[in-house]
Amino acid sequence: MAQRPGMVSRILPFSCVDGPGSRLVVFFQGCNMNCPGCHNPQTIGQCNQCGDCIDHCPNGALSLERGSGQRKRKLCDESQCQSCDLCLPHCPRSGNPNAVSFDVASLVERIARHAPLLDGVTFSGGEATLQRQFLVRLCDALDKDCRTAHLGRLVDSNGLLAAGHWPALLERVDGVMLDIKGMGSAVHKRLTGRDNQQVLDSARLLAQTGKLAELRWLVVESVNDGDDELTALIELYHSLPNPPALRLNRYQHHGVGERGRSLAQTTPERMETLHRDLSEAGVTLLPMVRL
């Protein structure tokens, strides 16, 4: 039986903000949340070959052709694509018309090109755990290849994964950087479209197994920064065994879609206040990035 390939939105050859050291980041296509404030909104959905994006490419890089069984398939001519991203806002499914299907061997080769300058690889998205079977095979292949075996492996996740699916991944990665969008179910549903019970369960499971590498909180002012939310966040943090430092991220409009602009940007002043209040409550915080 042929193994399902991985669908990759893009590959960032070098990053120093997606985990420790110098890292290559693989952004997988597809997400099981639908956050209006997503900073990678083109990674949420999957292309269904509708062709709505084609007329919006100023370089003529996109086209449709008939494939086997007369089924249409979208093509992107990489020699014509200028990575201007002007096609992205026109996908009705929040997909990326330039997403590429990789088999494991091809993706290992791509990573190996950059491996001598890297400390690790981060699997992000979208939501990387949606393609967990591919990810398991990829990690095994990276581990066996002498060019990539030295690379650390981290998963950037929203945590919306059943407990039974975590062990196979955790055997193969160094840790998970987990985003929590809201502590109350209603708040979380407003910000993601989904309930948060699995997310909170994932935080506890990852901490218990020593694989919670980083905990993140995207602060959306006047939505998830109220007293009840902060109290619940502090209680969760102190309930975790050996909790990692918490990273506060300020919600901004850079990179978000039209829906995300309906949410107000969080002010630096509010971030300073939250940082102080959480520190006084005994939460270990990573230094704030002031942008």
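In this predicted model, the side chains of Arg276 and Asp277 meet in a salt bridge, with a nitrogen-to-oxygen distance of 3.3 Å. Arg276 is partly exposed, at a relative accessible area of 45%, and Asp277 is likewise partly exposed, with a value of 29%. The pair belongs to a structure that holds 11 salt bridges, and side chains of opposite charge can pair in this way when their charged atoms come close.

Another pair, Asp225 and Arg270, forms a salt bridge in which N and O lie 2.7 Å apart. Asp225 sits in the loop between β9 (212-219) and α6 (227-239), whereas Arg270 belongs to helix α7 (residues 268-280), so this salt bridge ties together parts that are 45 residues apart in sequence. As for accessibility, Asp225 is buried, because its relative accessible area is 6% and the cut-off for burial is under 20%; Arg270, at 21%, counts as partly exposed.

A further salt bridge joins Arg172 to Asp140, with 2.8 Å between the closest N and O atoms. Here Arg172 is found in the loop between α3 (166-170) and β8 (175-180), while Asp140 lies in helix α2 (residues 132-144), so the two tie together parts that are 32 residues apart in sequence. Asp140 is partly exposed, its relative accessible area being 28%. Beyond these pairs, Asp156, Glu214, Arg216 and Arg247 are linked in a network of salt bridges.

The helix that carries Asp140 can be followed further. Helix α2 has 13 residues and reaches 18 Å from its first C-alpha to its last, which is close to the 18 Å expected at 1.5 Å a residue. Within α2, the residues Phe134, Leu135, Val136, Leu138, Cys139 and Leu142 are buried.

Helix α2 also leads to helix α1 (residues 104-114), since α2 is included in what covers the buried residues of α1. Those buried residues are Val104, Leu107, Val108, Ile111 and Ala112. They cover an arc of only 140° around the axis, which puts them on the same side of α1. The spacing can be read against a general rule: an α-helix has 3.6 residues a turn, so residues three or four places apart point the same way. On the other side of α1, by contrast, Ala105 and Arg113 are exposed. Besides α2, the cover over the buried residues of α1 includes the strands β1 (6-15), β2 (23-28), β5 (100-102) and β6 (120-124).

Key: Residues numbered from 1 in each chain as written. Predicted model: local features only at pLDDT ≥ 70, side-chain atom pairs only at ≥ 80, totals over all residues. Heavy atoms only, no water. Salt bridge = Lys/Arg side-chain N within 4 Å of Asp/Glu carboxyl O. Helix = DSSP H or I, 4+ residues; strand = E, 2+ residues; numbered from the N terminus. Buried < 20%, exposed > 50% of the residue type's maximum accessible area, 1.4 Å probe, protein only. Expected span 1.5 Å × (residues − 1). Arc of directions from axis to C-beta. Contact = heavy atoms within 4.5 Å.
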